[in-house]
Amino acid sequence: MVTGDPNVLDRRALNRALLARQLLLERSGVRAVEGVAHLVGMQAQAPNPPYIGLWTRLAGFRIEDLADRVEGRDVVRIALMRGTIHLVTAEDCLALRPVLQGALEQGLKGTFGRQLTGLDTARVAALGRELVEKEPLTLGGLGTLLAERWPDRDPSALANAVRTLVPLVQVPPRGLWGESGQAVHTTAESWLGGALAASTSPDAMVERYLAAFGPATVKDVQAWSGMTRLAESVDRLRPRLRSFRDENGAELLDLLDAPLPDPGMPVPVRFLPEFDNILLSHADRGRILTEEQRKLVFTRNGLIRSTFLVDGFVRGLWRIEQKRKAATLVIEPFGALAGKDRDALAEEGGALLDFAAASATTRDIRFV
């Protein structure tokens, strides 16, 4: 809907702004670490999605551009926003974890509060830190060792208490392209050779969010971060922000100099990986997919499927099926596609196969 009011941003205006800030209007020339920093991290339950997420956003991106940075400790995997594993820069790991600590502890209480009742969790955290700094451990291995000291407690609850109270990073080979196996953990401080930031103020984080996901409501920032009561932070930042309204009258906050592209501008097709934060970082996801589409993309067991964008909006799912040396990109549209859009998806899909299935001797694309 076009309102004619420059202070009201409709769905297409918000879509184009989001694509611009997510580096999806055109591929950016920044390096991998800079891309991860701009995005304020990438959700990373599985190792491969961040690689595809950067490939679709950065010009000339290669697997080793990120893998080398994982091994070089320039980027790390750690539980942050929404209590989920994110790939972030070393600097953001140390800066964001203290800001999010309170929300992480609330999550721990909600999940394991009953199993931890009456336990001195500070002592659990201290022993857990000592154990993982002595030798990186899986959460299962950590829980087993902690249960030797607290045999009447659930090992999983003990390990997750340490994971929440102590900033644990996942060390390579976890986080490398194609690597499987359980995650092994040590502390962020020992892995990165630095201390956590002293500040717990969310203000800088809120501004970073708006640069990557805005314009947005306070509820949007809270949905992305997993924090509550961020209106106080927004009020402190108001002298440095501008305000709009969405079509329903909700206030949208934004940085003064952030891009607002023409809502009618044409945009390229894009393939997004599983768990891409562009689908997870707003309370109202209408700027990129409908509620009906969300039910097809978000599974009941917590998976966020790989999607593709046409005209900037989610239009279907994709997956790569590999058998021996053959790789097939399967594209599943939610509805009919125009011929030019199928052609664009096939062209971009061929490039995706070249990247994600480079070892395959035969590659094919199938629309279903």
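Val76 stands opposite Val88 in S4, and that pair is a handy way into this predicted model. The two strands involved are S3, residues 75-79, and S4, residues 85-89, which run antiparallel to each other and are held in register by five bridges. Zoom out a little and you'll see that S3 and S4 belong to an open sheet of five strands, ordered S2-S4-S3-S5-S6, with antiparallel pairing. At the edges sit S2 (42-43) and S6 (185-187), each of which pairs on one side only.

Stay with Val76 for a moment, since it also turns up in the wall of a cavity. The structure holds two cavities of 30 Å³ or more, and Val76 helps line the second largest, along with Val70, Val75, Arg77, Gln170, Val171, Pro172, Arg174 and Trp191. That cavity has a volume of about 30 Å³. Which element gives the most to its lining? Strand S3 does, with three residues. Sorted by class, the lining of this second largest cavity comes out as six nonpolar residues, one polar and two charged.

Now slide over to the edge strand S2. Together with helix H3 (49-55), S2 is one of the elements that supply at least two residues each to the lining of the largest cavity. The volume here is about 80 Å³. In total 13 residues line the largest cavity, and those closest to its centre are Met42, Gln43, Arg57, Asp276 and Asn277. The class breakdown for the largest cavity is six nonpolar, four polar and three charged residues.

Helix H3 is worth following further, as it also contributes to the largest pocket. That pocket has a volume of about 400 Å³. Of its 19 lining residues, Ile52, Glu274, Ser306, Trp318 and Ile320 are the closest to the centre. Two elements give two or more residues to this lining, namely H3 and strand S11 (313-323). S11 has the largest share, with five residues. What classes do the lining residues of the largest pocket fall into? Twelve are nonpolar, three polar and four charged.

Step into the loop between H3 and helix H4 (63-71) and you come to Thr56. Is Thr56 buried or exposed? It's buried, because its relative accessible area is 0%, and the cut-off for buried is under 20%. Leaving out neighbours within four places in sequence, Thr56 is in contact with Leu23, Leu24, Arg27, Arg270, Phe271 and Leu272. There's a polar contact to look at here too: a polar atom of the Thr56 side chain lies 3.0 Å from the backbone oxygen of Phe271.

One of those partners, Arg270, deserves its own look. It's placed in strand S9. Despite its charged side chain, Arg270 counts as buried, because its relative accessible area is 5%. Its contacts, not counting residues up to four places away in sequence, include Thr56 again, plus Leu24, Leu25, Glu26 and Arg27, and also Thr307, Phe308, Leu309 and Glu348. With Leu24 there's a polar contact: the backbone oxygen of Leu24 lies 3.3 Å from a polar atom of the Arg270 side chain. As for Leu309, it is 39 residues away along the chain, yet the C-alpha atoms of Arg270 and Leu309 are separated by 5.1 Å.

Just before S9, in the loop that connects strand S8 (251-255) to strand S9 (270-272), you'll find Val267. Val267 is buried as well, because its relative accessible area is 16%. Setting aside residues up to four places away in sequence, it touches Arg16, Leu19, Leu25, Asp311 and Gly312. Leu25 is thus a contact of Val267 and of Arg270. For a sense of how the chain runs from here, take Asp284: it is 17 residues from Val267 in sequence, and the two C-alpha atoms are separated by 22 Å.

Last stop is Gln101, in helix H5, which covers residues 90-116. Gln101 counts as buried, because its relative accessibility is 16%. Which residues is Gln101 in contact with, leaving aside its neighbours within four places in sequence? The answer is Thr164 and Leu165.

Conventions: Residues numbered from 1 in each chain as written. Predicted model: local features only at pLDDT ≥ 70, side-chain atom pairs only at ≥ 80, totals over all residues. Heavy atoms only, no water. Helix = DSSP H or I, 4+ residues; strand = E, 2+ residues; numbered from the N terminus. Buried < 20%, exposed > 50% of the residue type's maximum accessible area, 1.4 Å probe, protein only. Contact = heavy atoms within 4.5 Å. Pairing = 2+ DSSP bridges. 1 Å grid on protein atoms, 1.4 Å probe; cavity = no way out; pocket = protein on both sides within 12 Å on 5 of 7 lines; lining within 4 Å. Points joined across faces, edges and corners; volume = space filled by probe spheres on them. Polar contact = N/O pair within 3.5 Å; in protein donor to acceptor, adjacent residues only side chain to side chain.
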